[in-house]
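Subject: Structure for you to look at

Hello,

Here is the structure I said I would pass on. Please open it and keep it beside you while you read the notes below.

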Amino acid sequence: MREDMYSVQQVADQLGLHVRTVRGYIRTGQLKAVRIGKQYRIAQADLEALTGLPGPAPARRTGVAAVEVSSIVQIDGIDRTAADRLGTLILGGAINPRDTAPPLRVQTVHDQERNRMKIVILGGAADTAELLHLLDALLDGDTGLLTQKASDA
């Protein structure tokens, strides 16, 4: 069985991140990678574990209902730089080190013409709520990401 392997640059391009950010994930252990010579290679399964993309279906217990929540968050008035920072923070927050449930699946999209960002979150109710609380804290009032960006200008 052959598994696809990606370079750090390919992963950065796929996720819309800077190469340094991907290397940081590797250094901190958030993203597993294999060092081949002077370069890292990332397996498809390890990339899926980082992003929360669906992997093999987990075994379900009989008699227990599976609950999955889907949420779409729309943020208006956000430029590309702030959207990239927010996307990185949200993807980092979606990584669940406890492994108590299937990982959250998160997708971010930025519409540059409208200065609008959409974040799609799929996963368990408790983990989704926790991620939405993080998002709320990042965007909250005077201390939020968007407010800091406006005050920096």
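A salt bridge here is a side-chain nitrogen of Lys or Arg within 4 Å of a carboxyl oxygen of Asp or Glu. Please keep in mind that this is a predicted model.

Salt bridges

By that rule the count comes to 4 salt bridges. I describe three of the salt bridges below, beginning with E68 and R105, whose side chains meet at 2.5 Å, N to O. E68 sits in the loop between α3 and β4, while R105 belongs to strand β5 (residues 105-111). The two are 37 residues apart, and the pair links distant parts of the chain. R105 is buried, because its relative accessible area is 19% and the cut-off for buried is under 20%.

D76 and R116 form another salt bridge, with the closest N and O atoms 2.8 Å apart. D76 is in strand β4 and R116 is in strand β6, so this pair ties together parts that are 40 residues apart in sequence. Are these two residues buried or exposed? D76 is partly exposed, with a relative accessible area of 47%, and R116 also counts as partly exposed, at 25%.

The pair of D84 and R80 has its N and O at 3.5 Å. Both residues are in helix α4, and because they are 4 residues apart there, about one helical turn separates them. D84 has a relative accessible area of 31% and is partly exposed; R80 is partly exposed too, at 38%. As background, side chains of opposite charge can pair when their charged atoms come close.

Nonpolar cores

In soluble globular proteins, nonpolar side chains tend to be buried together. In this model the largest nonpolar core has 17 residues, and the members that touch the most others are I75, L86, I90, V106 and I119. At least two residues of this core come from each of β4 (69-76), α4 (80-94), β6 (116-123) and α5 (125-139). Which of these elements gives the most to the core? It is α4, with 6 residues.

I90 is a good residue to select on screen. Leaving out residues up to four places away in sequence, I90 touches V106, I119, L131, L134, L135 and L138. Another core, of 13 residues, lies apart from the one just described, and its members include A12, V19, V22 and L31.

Two helices in contact

The axes of helix α1 (residues 8-15) and helix α3 (residues 44-51) come within 12 Å and cross at roughly 35°. The crossing of α1 past α3 is right-handed. On the α1 side the contact is made by V11, Q14 and L15, and on the α3 side by L47, L50 and T51. By type, the residues of this contact divide into 4 nonpolar, 2 polar and no charged.

T51 connects this part to the salt bridges above. T51 lies in helix α3 and is buried, with a relative accessible area of 8%. Not counting residues up to four places away in sequence, T51 touches L15, L104, R105 and V106. Of these contacts, L15 is one of the α1 residues in the helix contact, R105 is the partner of E68, and V106 is a member of the largest nonpolar core. If you want one residue to start from, select T51 and look at its contacts, including L104.

Regards

How values were computed. Residues are numbered from 1 along each chain as its sequence is written. This is a predicted model: local features need pLDDT of at least 70, side-chain atom pairs count only at pLDDT 80 or more; totals for chains, interfaces and linings use all residues. Side-chain values use heavy atoms; hydrogens and water are left out. Axes are lines fitted to C-alpha atoms, for helices over the stretch in contact, and angles run from 0 to 180 degrees between N-to-C directions. A crossing is left-handed if the near helix is turned anticlockwise from the far one by less than a right angle, and right-handed if clockwise. Contact means heavy atoms within 4.5 Å. Ala, Val, Leu, Ile, Met, Phe, Trp, Tyr, Cys and Pro count as nonpolar, Asp, Glu, Lys and Arg as charged, and the others, Gly among them, as polar. A nonpolar core is a set of buried Ala, Val, Leu, Ile, Met, Phe, Trp, Tyr and Cys residues joined through side-chain atoms within 4.5 Å. Buried means under 20% relative accessible area, exposed over 50%, partly exposed in between (1.4 Å probe, protein chains only).
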